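Here is a short round of questions and answers on one structure. Keep the sequence and the 3D view open.

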Amino acid sequence: MTEVGIPTEERIRRALDHLRNDTTDEYEHLTWFEPNEFVDPAVAKLERDRVFGRVPTIVAHGSEIPKPGDFFTLQMPRNNVIVVRQRDGSVKTLVNQCRHRGAMVEKEEKGRCRLFSCPYHRWSYDTDGTLRTITRDNTFGDADRDNRNLVQLPTEERHGFIWVVDDADASIDVADWLGPEMDAILASHDLGSKVTTRVNVFEEPVNWKLMQDAFLDGYHIQYAHPNTAAKHIHTNVMAFEDFGHHCRFMNLRKTIDRWIEEDPGDRDLVEHTTETHFLGPNSTLLRQPDHYQLLTFRPHPTDPQQSRMEIRLICPTVEDSGLTEERYNRLWDKNVEILIAVLHNEDFPILRDSQRAMASANAGNMVLGRNEVANQVFRREVQKLVGQD
Ligand code: FES
Ligand SMILES: [Fe+2]
């Protein structure tokens, strides 16, 4: 397989050199920033409109709605939506609002249906959003039916994921947004052949960028996770690649330590690494030895101090894994359990408190270091989008 960007083993050796020298890849400068980025409703509105209303973000893996009529509902930053598999296999995203007098047509979080039927006066819509029936049509009058379909948002399935731009007037081109490098990297992981085995959702009183930042940060491991993650992963050592809207970095596991002194030659060292992809603007995709974790962060539709985090385990199918169903389930349950314990006990308390701290009337400005290179890219890209009219 031809590799995209710098070959894996070369990146591992660069990270290993950093480990030997107590260095890491660095951004070109420090960046000072203000607490209002995390508390100001005007900033949050610009982010919803100019980030989520403009670029594709992942809402799920396609395996979560495999059959026609399978749907889930979701609060996006700008729209409450239904994401639904069509009879032709494509996916549509519909604004979850009846075009009669605005009731929410679908209340369930997830399900399979043949049509969406409004609870208020029972108008119904096809799963592609087309208005099907106006109840007591003979007395209603001419409602201009063709303009009473559910509103659609631009949606595309690519690399196994469902992507949505949260604005009905926008267009979508996921490959263009990913750019040639990240598009090829995602293709190389063959994520479309895998399935979501676990989804966990957290609504936290924390700005979405504070949340996202914690999962691009290789600097906090030893300090915030001394007895968990830091036992396995080295702190403040990464081999980094910048792809513009996106980036990728490799962290070293402690199992690599024998190769600090000894020369590994051309030995394959990939098992001693984790690789993180930042899929701008709001997801982190981690490659683990036997699966992927996708972490997604979405702002609350009105409150800058709240967000929603979704964790997905993207795994080989039971058949591809070669495991019995029972062992397969046990494996992923265990995986999620460990991950969630670290988040709950270690990351979230710090993040909730930093949100409160930043809301202080006299909260001072802050600074991102050169070593916090993925966080620098994340902030740079959000700022770029927000700054564009
Ligand atoms: S609001 Fe939906 S049928 Fe009246
Ligand atoms: Fe953490």
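**A strand pair and a core**

Q: Which residue in β8 is the bridge partner of Phe116?
A: Phe116 is found in strand β7 (strands are DSSP E runs of at least two residues, numbered from the N terminus). β7 pairs with β8, residues 124–126, in the antiparallel sense over three bridges; pairing takes at least two DSSP bridges. In β8, the partner of Phe116 is Tyr125.

This is a predicted model: local features need pLDDT of at least 70, side-chain atom pairs need 80 or more, and totals for chains, interfaces and linings use all residues. Residues are numbered from 1 along each chain as written, with chains lettered from A and ligands numbered from 1 in written order.

Q: In what order do the three strands of the open sheet run?
A: The pairing is antiparallel. β7 (115–117) and β9 (131–133) are the edge strands, each pairing on one side only. The order is β7-β8-β9.

Q: Is Phe116 buried or exposed?
A: Burial requires 20 or more other C-beta atoms within 10 Å, 12 or fewer means exposed, and values in between mean partly exposed; C-beta atoms are placed from the backbone. Phe116 has 21 within 10 Å, so Phe116 is buried.

Q: How far apart in space are Phe116 and Gly129?
A: In sequence they are 13 residues apart. C-alpha to C-alpha, the distance is 8.2 Å.

Q: Which residues does Ala374 touch, not counting those up to four places away in sequence?
A: Touching means C-beta atoms, placed from the backbone, within 7 Å. With that cut-off, Ala374 touches Leu216, Phe240, Cys247, Phe249 and Phe278.

Terms used. Helix = DSSP H or I, 4+ residues; strand = E, 2+ residues; numbered from the N terminus. Contact = placed C-beta atoms within 7 Å.
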